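Let's walk through how the helices of this model pack against one another. Have the structure open beside you as you read.

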Amino acid sequence: MLAHLLMFAVVMLWGATFVLVKKAIAEIAPQWFNALRMMLAFACLALVYHRQWRQLTRQAWMFGAAAGASLACGYVFQTQGLATTTPTNSRKFCSGSAPSG
C-alpha cells in the first residue's frame, strides 16, 4: 500500500511540473529558465558531492559531460515545445502517449 501511495505522489509531482514550467516560461524565456534550472541543479550537486570530484577520472568527466549535454538538449526541446502547446499535450508526448487534438 505504501508503494502505491509513493508512486501516486511521484506521478502527481511529475505531472504538476508541466503546469509549473508552463507558468514559469510565461514569465521568463525558456532558454533562461533551463539555464537557471541547470545551474541550480549543478550547485546543489556540487555541494553534496564536492569531496568526490578529485576522484573522478578524465573519462568520467567526459561521460558526465556527454550525459549532461544530452539531458540539456532534452530539456531545451521539451521546454521549447511546452511554450507552444498545452501542458497536457507536452506530458503525453514526453510519456509516450498520443497527443490529443
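How are H1 and H2 oriented to each other? This is a predicted model, and in it helix H1 spans residues 2-27 while helix H2 spans residues 30-49. Their axes come within 8 Å and cross at roughly 120°. Angles of 65 to 115 degrees count as roughly perpendicular and those over 145 as roughly antiparallel, with this one in neither class, so H1 and H2 are oblique to each other. The crossing in which H1 passes H2 is right-handed.

Now look at the side of H1 that faces this neighbour. Val21, Ala24 and Ile25 of H1 are in contact with Pro30, Phe33 and Arg37 of H2. Sorted by class, the residues of this contact are five nonpolar and one charged, with no polar residue among them.

From here, follow the chain to the next pair. Helix H3 covers residues 58-82, and its axis and that of H2 come within 9 Å, crossing at roughly 140°. H2 is therefore oblique to H3. This crossing, too, is right-handed.

Which residues build the contact between H2 and H3? H2 contributes Pro30, Gln31, Phe33, Asn34, Arg37 and Met38, and they meet Tyr75, Val76, Thr79 and Gln80 of H3. By class, five of these residues are nonpolar, four are polar and one is charged.

Finally, try picking out Pro30, Phe33 and Arg37 in H2: these residues meet H1, and they also take part in the contact with H3.

Note on methods:
Residues numbered from 1 in each chain as written. Predicted model: local features only at pLDDT ≥ 70, side-chain atom pairs only at ≥ 80, totals over all residues. Heavy atoms only, no water. Axes fitted to C-alpha atoms, helices over the stretch in contact; angles between N-to-C directions. Helix = DSSP H or I, 4+ residues; strand = E, 2+ residues; numbered from the N terminus. Parallel < 35°, antiparallel > 145°, perpendicular 65-115°, else oblique. Left-handed = near helix turned anticlockwise from the far one by under 90°. Contact = heavy atoms within 4.5 Å. Nonpolar A, V, L, I, M, F, W, Y, C, P; charged D, E, K, R; others polar.
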